[in-house]
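Grab a coffee and open the viewer. Here are a few exercises to work through, each with a solution you can follow step by step.

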Amino acid sequence: MKKLLKAKSYLDKLANGINPITNELASEYDTINNIHISRCLFYVSDVLRNLIENNNNPQKKKNSKIPFSVTPQQLADYFLMITQLQLPKLPKSLTV
């Protein structure tokens with residue numbers, strides 16, 4: 001757990017353009033300040049945060065989705081409306 005926390009701390013600093021060893025700001029031209037690199041580091045930091053919150057157990061993540069279900073009564077309250085679709089006429093130049 002201690003290593004995960006340290007790794008997350010390093011990633012957070014790198015993602016914010018800070019050298020995690022010296023705590024100095026990286027130059028604006030440094031690769032670490034590339035927006036794609038920074039976003040990737042923030043993503044990995046968030047993955048580590050989830051891992052830390054779940055006590056290093058990736059399988060423990062809770063599924064917050066509620067399964068879809070409809071009772072027969074709810075289904076009876078709906079009706080199916082079939083309508084005819086009309087397509088606009090194509091210009092003669094596009095007809096085959």
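## Warm-up: a serine and its neighbours

Keep in mind throughout that this is a predicted model.

**Exercise 1.** Work out which residues Ser 38 touches, leaving out residues up to four places away in sequence, and decide whether Ser 38 is buried or exposed.

*Solution.*
- Step 1: Set aside the residues up to four places away in sequence; Ser 38 then touches Ala 15 and Ile 32.
- Step 2: Find the serine's own place, which is helix α2.
- Step 3: Check the cover. Ser 38 has a relative accessibility of 10%, and the cut-off for buried is under 20%, so Ser 38 counts as buried.

## The nonpolar core

**Exercise 2.** List the residues of the largest nonpolar core, then say which elements give two or more residues to this core.

*Solution.*
- Step 1: The core has seven residues in all: Leu 4, Leu 11, Ala 15, Ile 32, Leu 41, Leu 48 and Ile 52.
- Step 2: Two elements give two or more residues to this core, namely α1 (2-15) and α2 (35-53).
- Step 3: Zoom in on one member. Not counting residues up to four places away in sequence, Leu 11 touches Leu 41, Val 44, Ser 45 and Leu 48. Leu 41 and Leu 48 are themselves among the core residues.
- Step 4: Look back at Exercise 1. Ala 15 and Ile 32, the contacts of Ser 38, belong to this core too.

## Salt bridges

**Exercise 3.** How many salt bridges does a search of the whole structure find? Track each one down, and say which residues are joined into one network.

*Solution.*
- Step 1: The search finds three.
- Step 2: Start in helix α1, where Asp 12 and Lys 8 sit four residues apart, about one turn of the helix. Their side chains meet in a salt bridge at 2.8 Å, N to O. Lys 8 is buried at 18% relative accessible area, while Asp 12 is partly exposed at 25%.
- Step 3: Move to helix α2. Asp 46 pairs with Arg 49 in a salt bridge, with the closest N and O atoms 2.6 Å apart. These two are three residues apart in the helix, so about one helical turn separates them. Both are partly exposed: Asp 46 at 34% and Arg 49 at 30%.
- Step 4: Stay with Arg 49, which also forms a salt bridge with Glu 53, the closest N and O atoms being 2.9 Å apart. Glu 53 and Arg 49 are four residues apart in helix α2. Glu 53 is exposed, with a relative accessible area of 53%.
- Step 5: Put the shared partners together, and salt bridges join Asp 46, Arg 49 and Glu 53 into one network.

## Out on the surface

**Exercise 4.** Which residues make the nonpolar surface patch of about 280 Å²?

*Solution.*
- Step 1: The patch is made by Tyr 43, Val 44 and Val 47.
- Step 2: Pick out Tyr 43, which lies in helix α2. Its relative accessibility is 57%, so Tyr 43 counts as exposed.
- Step 3: Val 44 gives a link back to the core exercise, as one of the residues that Leu 11 touches.

## Last one: a lysine in α1

**Exercise 5.** Describe the surroundings of Lys 13.

*Solution.*
- Step 1: Lys 13 is in helix α1 and is partly exposed, at 26% relative accessibility.
- Step 2: Beyond residues up to four places away in sequence, Lys 13 touches Ile 18, Pro 20 and Asn 23.
- Step 3: Compare positions along the chain with positions in space: Lys 13 and Glu 24 are 11 residues apart along the chain, and their C-alpha atoms are separated by 9.8 Å.

How values were computed
Residues are numbered from 1 along each chain as its sequence is written. This is a predicted model: local features need pLDDT of at least 70, side-chain atom pairs count only at pLDDT 80 or more; totals for chains, interfaces and linings use all residues. Side-chain values use heavy atoms; hydrogens and water are left out. A nonpolar core is a set of buried Ala, Val, Leu, Ile, Met, Phe, Trp, Tyr and Cys residues joined through side-chain atoms within 4.5 Å. Buried means under 20% relative accessible area, exposed over 50%, partly exposed in between (1.4 Å probe, protein chains only). Contact means heavy atoms within 4.5 Å. A salt bridge is a side-chain nitrogen of Lys or Arg within 4 Å of a carboxyl oxygen of Asp or Glu. Patches are made of residues with over 30% relative accessible area and no salt bridge: like charges are joined within 9 Å, nonpolar side chains (Val, Leu, Ile, Met, Phe, Trp, Tyr) within 5 Å. Accessible areas come from the Shrake-Rupley method with a 1.4 Å probe; for residues, only the protein chains shown count as cover.
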